[in-house]
Amino acid sequence: MSARLYRRSIPLAAAVLAASLLAVSAQADDPAPADATLTADLNTLLADPRLANAQAGVEVLDATTGEVLYARQPQALFTPASTLKTVTSTAALDLLGADYRFTTEVRTTGAAYDGTLVGDLVLRGGGDPSLLVQDLDELASKVAATGVSTVTGRVLADGTRYDSTPLGPGWAWDDEPYSYSPQISALTVANDAEYMMDTAQVVITPGAAGEAAKVTTVPAEAPLKFVGTVATGAAGSGSTAGVDRRRGSNDVSLSGSVAAGSAPVTAWVTVEDPSTYAAKVFAGALARHGVKVLRGVQAANGSEASQPLASHQSKTLAELIVPMLKISNNGIAEHLTKEIGKVKGGRGDWATGVNQVNAFLKANNLSTPAGRQVDGSGLSRYDLTTPAKMAGLLKVAQDKPWFNAWYNALPVAGNPERMVGGTLAARMRGTKAENNVHAKSGSMGGVDNLLGYATAPDGRKLAFVVMVNNYAGTSPRPVVDAIAVRLATGPAAAPAQLKSNSLVAPSGSGDAHTGTRWEDCETLSHC
């Protein structure tokens, strides 16, 4: 018998009682409102049809007192997506310290005689998520400055500080070629100032109409093998260039065309085996500095006896969380997770790192309900948390010595400066939330979340969490943003003025066929 037929068969009094009990049960998770006007306004916003059949959880706190001003399903479990980076970053600041740095070393397995190193050079990764091509060039320069001009052995790529599992639990296989889903290794290299680790740029330069376009990589040592070509079409014909790395290899399929006379098209793709990739970039730098390596590049096993020759230190952790949070850099979040595991638990793997993060939460009375965390960035759909726990984290963070650095690293709504507004640069512009709301976004298919702080017109600092899961069709982001705007505006906010066009994609976005940058992760709902 269907549920609908069953309800019609019971007596009227029993039906009324059952309905009452169901209503009480549905609301039992929602505390009595502390702000009746706010409750009415947020309830109106959350009644938006774009949330029909979706799950929405909201909690708003007075950030100073911790008083709950509004709650909707605060104890329900939600997929956090990239809002999980707030957990990872606060745990890292607390457990490793704001001044923590990563160290990359060049070591030798032999001795040098008259400019010849008899043995190997070991490039030992220290987990640095921000190691740049130019940093490897500086290390190569330091090697050359010691007088070594020939290495009889190899360059050994040592990424053994962390385990050999490159991708997080539950990561989507079809994300693997894209820049927001890098392989994680203790030795990796980034090729731009935003620390897009384990990626190479594929630059497609048009030729004359009818000719094949020229394809190059940055850095030149990127071990990509191209299959197919990109044609040069007639002037004004647009670009349909396709750059797709095949899963499990560094073979890249090229297709489509670019218009004659147009600017080069750049795609960003991840690279298999990040440690060896970094070592090849280092070997190329050595050659440019006049150091010849006779036996090429090979993976280290981590047990080689060696002596230090040169080293490079990263920026501080307080500085590295800026790109991590502003532009939702997944790789940095995963490195911090494994580094926490290595430093605090003796193993550089996800399980150990997450256990240490959970210990941080427990020490700050944020361990219940248990939820689930398996990675550091929120790329995994296995991750689950509650609005109440995330709001509690926002409250706890304020009392930490590193809070100001962390707060300033959060994206600022409507601010067009890339390393200020970050993923919120194009959101909430022209509202009271602009340059007011500091918050971390998190999105993937069917998920759109936002949590952070808003300053109300009366000067009160509010902590808020908005989590929307399991929606299909029209994006609920205008509703999510409207809640933050209401907090920044006060009771004068008019929920009825919510517009569907308030969802604005970040500028500079690419598409899934030509490779992605971090903001594309936001646009494609993968961060």
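User: Hi! What is Leu-336 in contact with, leaving aside its neighbours within four places in sequence?
Analyst: Leu-336 is in contact with Thr-88, Ala-92, Phe-102, Leu-317, Ile-321 and Met-324. Contact here means heavy atoms within 4.5 Å. Keep in mind that this is a predicted model, where local features need pLDDT of at least 70, side-chain atom pairs count only at pLDDT 80 or more, and totals for chains, interfaces and linings use all residues. Residues are numbered from 1 along each chain as its sequence is written, and side-chain values use heavy atoms, with hydrogens and water left out.

User: Cool. Which residues touch the most other members of the largest nonpolar core?
Analyst: Those are Leu-317, Ile-321, Leu-336, Trp-406 and Tyr-453, out of 47 residues in that core. A nonpolar core is a set of buried Ala, Val, Leu, Ile, Met, Phe, Trp, Tyr and Cys residues joined through side-chain atoms within 4.5 Å. Buried means under 20% relative accessible area, exposed over 50%, and partly exposed in between (1.4 Å probe, protein chains only).

User: Switching to rings: how many aromatic pairs are there in the whole structure?
Analyst: A search finds 9. Rings of Phe, Tyr and Trp (its six-membered ring) pair if their centres lie within 6.5 Å; planes under 30 degrees apart are stacked, over 60 edge-to-face, and the rest tilted. One of them is the edge-to-face pair of Phe-403 and Tyr-453, with 5.8 Å centre to centre and 80 degrees between the planes.

User: Are Phe-403 and Tyr-453 buried or exposed?
Analyst: Both Phe-403 and Tyr-453 are buried.

User: And which residues do ring pairs link into a cluster?
Analyst: The cluster holds Trp-402, Phe-403, Trp-406, Tyr-407 and Tyr-453.
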